[in-house]
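Please open the model in your viewer and keep the sequence panel beside it, since this tour moves from one selection to the next.

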Amino acid sequence: MVHRTALTEFGVGLRGYSSDVVDTLVGHARAALDSDDPARRRTTRDELAAARAQGLPVSPRGYDVGQVDAALDDLHAALTEGGDA
């Protein structure tokens, strides 16, 4: 099974990241990337970094961990490039 978020598709399987949390993070990142506000981009970039450092919650059925990690890395990089680091 594959689930589409605002930016990408994630496979769904056993012991993956919570879809609700990932969908929220990806949604925030997408909105920040669409924004011309550098402060919003910085805040969202920091939100992604904090969520990753804290560890995303794992669900019995959730998004593929490797796919989500790669997507969040890409989003973090895009938010860094799009605003001031």
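The stops below begin with the whole chain and then go through its parts.

**Before selecting anything**

What you see is a predicted model, in which local features need pLDDT of at least 70 and side-chain atom pairs count only at pLDDT 80 or more, while totals for chains, interfaces and linings use all residues. Residues are numbered from 1 along each chain as its sequence is written, and side-chain values use heavy atoms, with hydrogens and water left out.

**The whole chain**

Show the protein as a cartoon and look for 3 helices and 3 strands; these are DSSP runs, with at least four residues (H or I) for a helix and at least two (E) for a strand, numbered from the N terminus. Following the sequence from its start, you meet them in the pattern β-β-α-α-β-α.

Next, turn on the surface, whose accessible area is about 4,800 Å², with 49% of that belonging to carbon and sulfur atoms; such areas come from the Shrake-Rupley method with a 1.4 Å probe, and for residues only the protein chains shown count as cover. Of the 85 residues in the protein, 32% are buried, where buried means under 20% relative accessible area, exposed means over 50%, and partly exposed lies in between (1.4 Å probe, protein chains only). Among contacts between residues at least 6 apart in sequence, 70% join residues at least 24 apart, a contact being heavy atoms within 4.5 Å.

**Strand E2 and the aromatic pair**

Select Phe10 and Tyr63 and show their side chains, for the structure holds 1 aromatic pair. The ring centres of Phe10 and Tyr63 are 5.1 Å apart and their planes stand at 40°, so the pair is tilted; rings of Phe, Tyr and Trp (its six-membered ring) pair if their centres lie within 6.5 Å, and planes under 30 degrees apart count as stacked, over 60 as edge-to-face and the rest as tilted. Because Phe10 belongs to strand E2 (residues 9-17) and Tyr63 to strand E3 (residues 58-63), the pair ties together parts that are 53 residues apart in sequence. Phe10 counts as buried at 1% relative accessibility, and Tyr63 counts as buried at 2%.

Stay on strand E2 and select Val12, which is partly exposed with a relative accessible area of 21%. The C-alpha atoms of Val12 and Arg61 are separated by 6.7 Å, although the two residues are 49 apart along the chain.

Then select Arg15, also found in strand E2, which is exposed with a relative accessible area of 59%. Most residues other than glycine have a negative phi. Arg15 has a positive phi of about 55° although it is not a glycine.

**From the loop into helix H1**

Move on to Ser18, in the loop between E2 and H1, where a relative accessibility of 12% makes it count as buried. Leaving aside neighbours within four places in sequence, Ser18 is in contact with Pro57, Val58 and Ser59.

Now select helix H1 (residues 19-34), whose 16 residues reach 22 Å from first C-alpha to last, close to the 22 Å expected at 1.5 Å a residue; the expected span is 1.5 Å times one less than the number of residues. Which residues of H1 are buried? They are Val22, Leu25, Val26, Ala29 and Ala32. They cover an arc of only 125° around the axis, which puts them on the same side of H1, the arc being that of the directions from the helix axis to the C-beta atoms. Asp20 and Asp34 are exposed residues on the face of H1 turned away from its buried side.

Within helix H1, centre the view on Val22. Leaving aside neighbours within four places in sequence, Val22 is in contact with Phe10, Tyr17, Leu56, Tyr63 and Val68.

**Helix H2 and its two ends**

Finally, select helix H2 (residues 38-54), which has 17 residues. Its N-terminal end is capped by Asp37, with a side-chain oxygen 3.0 Å from the backbone nitrogen of Ala39. Colour Arg41, Thr44, Arg45, Leu48 and Ala51, the buried residues of H2. They cover an arc of only 125° around the axis, which puts them on the same side of H2. On the face of H2 turned away from its buried side you will find the exposed residues Thr43, Ala53 and Gln54. Gly55 follows H2 and has a positive phi, near 95°.

Technical notes
A polar contact is a pair of N or O atoms within 3.5 Å; within protein, one must be able to donate a hydrogen and the other to accept it, and residues adjacent in sequence count only if both atoms are side-chain atoms.
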